[in-house]
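Welcome, and please open your viewer. We will go from stop to stop, and at each one you can make a selection and look around.

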Amino acid sequence: MSEIKIKEIAPNLFPKGDYISPGLSTIKPDSCFPNMILGNKYDTFWLYLRRDIPHNWYVDQRRSDVGFVSRDEAHILYNTALKFQGKKALEIGCWMGWSACHLALGGVELDVIDPMLSEPLFNESVTDSLKRAGVKDSVNLIPGYSPQTVEEVANKFNRKWSLIFIDGHHEAPAPLNDAIICEQLAQADALILFHDLSSPDVGQGLDYLKAKGWHTMVYQTMQIMGVAWRGNVEPVMHQPDTTIDWRLPPHLQNYAVSGANQTAKKDKLGATLKAVQPYTFLSEAQLLMRYSQVKQVYDYLFWLPKMLWQTTSRKKFFNS
Ligand SMILES: C[S@@+](CC[C@H](N)C(=O)[O-])C[C@H]1O[C@@H](n2cnc3c(N)ncnc32)[C@H](O)[C@@H]1O
């Protein structure tokens, strides 16, 4: 497969619905992913997909129920990797290689761990995309499950990582276990990124690093990213899309948001909950958590008919 030279391109050359934070260097490896299409957010039943955020959600047309990191999120990865050029990086969960490609284009030496890599279709597809982008030589694709395989790779190659991206198994206690092994195997100067922090299960991973004394912050993106860092490294700064009325789920209320001033909104919610709290048997934290759960279920029920309709139409199409 011939390699395509991926160049920095102007932000206005991206499709409508692709937001990229000002201040980030831009790159567009789309041609290396011939099966990438615009996804339908109602094709998946995942509770924590933020279907109300009007940013493009890309998928692979062969498996359209699993999304890639959004354009903005891919640029957070790319720009972070640029700060770690030549250093060892680890990705847990690559799917079709979109996020891995952005990290590798940023110039890191990347180990990628994903059980899907043991399936020929996935391995060949990821390999092909990375070759097209001209970065295959700097990426080590390893079939396996975190945290076991992370530990094995570290022992086998005597490896510690400076940059780590966690986007693997999303259900508790997996993200916490990923964070625990990564904190042990991270360099003294290190940065760890999370995707899909809209899920409280993933939030447990970031909470763990915060409790261990790492600096932390979240990025208001389609699925919310989180960053934890220690030692002599700095995260990239990000400006959320100003056209969106961003909300932070209650499990993230105590985190700083890069580039955002959400104090007023947070205080408004805090004041309302404070006013009703004496009439409940709950602490303020419990009340916040209950509010979050009810709000999530409310949104989900609102989206459910569309998701069911989508599934039924697809079945009809395939049966006809
Ligand atoms: C949402 S997808 C990742 C998407 C990818 N980061 C991107 O944006 O291009 C999640 C991936 O995690 C992988 N995964 C699930 N459990 C895992 C585990 N225990 N260790 C590593 N990867 C895992 C899945 O196979 C899947 O490919």
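Two residues are in contact here if their C-beta atoms, placed from the backbone, lie within 7 Å. This is a predicted model, where local features need pLDDT of at least 70, side-chain atom pairs count only at pLDDT 80 or more, and totals for chains, interfaces and linings use all residues. Residues are numbered from 1 along each chain as its sequence is written.

Start by selecting I181. Leaving out residues up to four places away in sequence, I181 touches S146, P147, V150 and E151. Now show the ribbon: I181 sits in helix 5, residues 174-185 (helices are DSSP runs of H or I with at least four residues, numbered from the N terminus). Is I181 buried or exposed? I181 counts as partly exposed because it has 19 C-beta neighbours inside 10 Å; buried would take 20 or more, exposed 12 or fewer, and partly exposed lies in between. Next, add V66 and draw a C-alpha distance: the two residues are 115 apart along the chain and 25 Å apart in space.

Now colour by domain. An automatic or database assignment gives domain 1 (11-260) and domain 2 (269-319). Their C-alpha centres are 26 Å apart, and each domain gives 10 residues to the contact. On the side of domain 1, these are 5 nonpolar, 3 polar and 2 charged (nonpolar: Ala, Val, Leu, Ile, Met, Phe, Trp, Tyr, Cys, Pro; charged: Asp, Glu, Lys, Arg; polar: the others, Gly among them).

Finally, select the ligand and its 18 surrounding residues, of which G93, W95, W98, G168 and H169 come nearest (near means a C-beta atom, placed from the backbone, within 6 Å). This shell has 11 nonpolar, 5 polar and 2 charged residues.

Terms used:
Helices (H or I, at least four residues) and strands (E, at least two) are DSSP runs, numbered from the N terminus.
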